[in-house]
Amino acid sequence: MIQLTKRQTRQFLLLKHGLLGEYKFSGKQGVLDFARQASCIQYDPIDVCGKNAELVLQSRIKGFTKEMLAELLYEDRSLVDYPDKNLSIIPVEDWPYFERFRQAARLHGARYPEMEALTAQVRAHIQNYGALSSNDLKLEGDFSWQSAIHWSSGNNTTRSVLEQMYSTGELIIHHKKGTRKYYDIAKKYIQPNLLNASEPLEDELEHYKWRVLRRIGSVGLLWNRASDAWMNIWGLKTAQRNEVFRQLLQEARIVAVAVEQMKDMLYCLTEDLLLIEDVLQDNEPKLRCELIAPLDNFIWDRRLINELFGFDYTWEIYIPAIKRKYGYYVLPLLYGESFIGRAEIIVERKTGTLIVKNIWYENGVKQTTQLRTALNNCLRRFAIFNGCETISAEI
């Protein structure tokens with residue numbers, strides 16, 4: 001068991017994510033490196049000042065551009081859109097590990113006999129015209145549909161069929177235009193050794209262990225308790241999770257971490273012990289200021305963030321405007337080893353202007369010259385990331 005102070009724990013998490021000190025990740029290769037470290041990056045289509053996955057990457061990758069992610073997804077095919085922690089982007093080499101979910105989708109689809117003729121129409125259309133969206137083909141059908149592993153349901157027949165074929169792995173997302181998804185046949189783009197691989201972990205408990213290891217590695221530290229970090233791991237109830245942690249500890253694949261003034265034990269990957277050793281050297285890393293995505297891996301478990309950083313963050317996008325404390329799309333603001341506040345920022349694309357609507361500082365934060373300089377540098381980088389030439393502050 002490792003014992004850490006709260007400050008050492010904060011430093012470990014920040015260094016793990018490449019959010020403290022010099023940039024750990026750089027350029028397009030850095031995007032791929034982080035995606036592999038994180039295992040999955042949540043995708044959300046809302047774009048107020050960048051989509052969630054892009055916001056995750058801009059805070060960590062030196063020189064990141066939105067085109068880098070698009071190239072890795074839709075040209076290089078090193079990354080692929082597929083449900084993991086909800087809508088996600090995952091490394092393509094992880095494709096075989098989700099075969100059990102594709103099989104579940106196939107069994108689910110078999111309950112709808114009318115689906116077979118409709119999927120044949122989609123295949124024929126793609127063969128004749130290439131990648132398509134739900135607007136490009138009108139399928140006639142009238143049946144109630146609830147996807148087995150997907151995120152939506154409804155009575156749009158074309159969309160339902162496309163999502164079913166996507167869930168089974170027959171289709172992948174070829175590209176996106178804004179929020180619209182275009183689908184194509186998966187075997188054109190995913191290597192046969194990955195596409196046709198059998199489930200590597202047929203035993204359900206081994207699969208749970210693989211998923212839990214991924215999530216611990218994705219956040220850096222997690223506890224064995226209910227958490228949003230376990231979202232969308234089917235069937236992972238308390239009993240299963242307890243057994244997973246017991247076996248992973250026994251196999252020395254995770255390490256227990258006791259943190260001062262914290263009741264619950266935390267756990268990290270064994271491979272991260274070297275990073276903990278670095279933290280124990282009591283170095284003083286260079287301070288950076290970064291805007292953090294609302295669905296960032298780093299803050300998947302917001303109760304944990306509150307305990308370690310004293311920062312209580314709620315994404316208020318689905319809260320009625322009259323009940324919001326801050327705003328519609330507000331990003332946590334990180335400076336050095338602390339969350340110093342939150343910012344509401346909007347991109348006005350017609351004029352190429354980054355509008356800083358408001359910044360709410362946490363109690364006790366002193367707006368020193370050093371902090372303001374770091375914040376201004378952060379906003380300049382954020383403007384470049386969003387293709388904005390000017391910054392307008394309404395505060």
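**Exercise 1.** Which residue lies over the face of Tyr82, and at what distance from the ring centre?

*Solution.* This is a predicted model, where local features need pLDDT of at least 70, side-chain atom pairs count only at pLDDT 80 or more, and totals for chains, interfaces and linings use all residues. Residues are numbered from 1 along each chain as its sequence is written, and side-chain values use heavy atoms, with hydrogens and water left out. Apply the cut-off: NZ of Lys or CZ of Arg within 6 Å of the ring centre and within 35 degrees of the ring normal. Arg102 fits over Tyr82, at 5.6 Å from the ring centre. Arg288 sits over the face of Tyr23, at 3.9 Å.

**Exercise 2.** Classify the pair Phe98 and Phe101.

*Solution.* Rings of Phe, Tyr and Trp (its six-membered ring) pair if their centres lie within 6.5 Å; planes under 30 degrees apart are stacked, over 60 edge-to-face, the rest tilted. The whole structure holds 22 aromatic pairs. For Phe98 and Phe101, the centres are 6.1 Å apart and the planes meet at 35°, a tilted pair. Next, check burial (buried under 20% relative accessible area, exposed over 50%, partly exposed in between; 1.4 Å probe, protein chains only). Phe98 has 1% and is buried. Phe101 has 7% and is buried. Both belong to one aromatic cluster, whose members include Tyr82, Trp95 and Trp234.

**Exercise 3.** Why is the pair Phe298 and Phe309 edge-to-face?

*Solution.* Their planes stand at 85°, with centres 5.6 Å apart, so the pair is edge-to-face. Now place the residues. Phe298 lies in the loop between strand 14 (289-291) and helix 12 (302-309), and Phe309 in helix 12, so the pair ties together parts eleven residues apart in sequence. Helices (H or I, at least four residues) and strands (E, at least two) are DSSP runs, numbered from the N terminus. Phe298 and Phe309 are buried.
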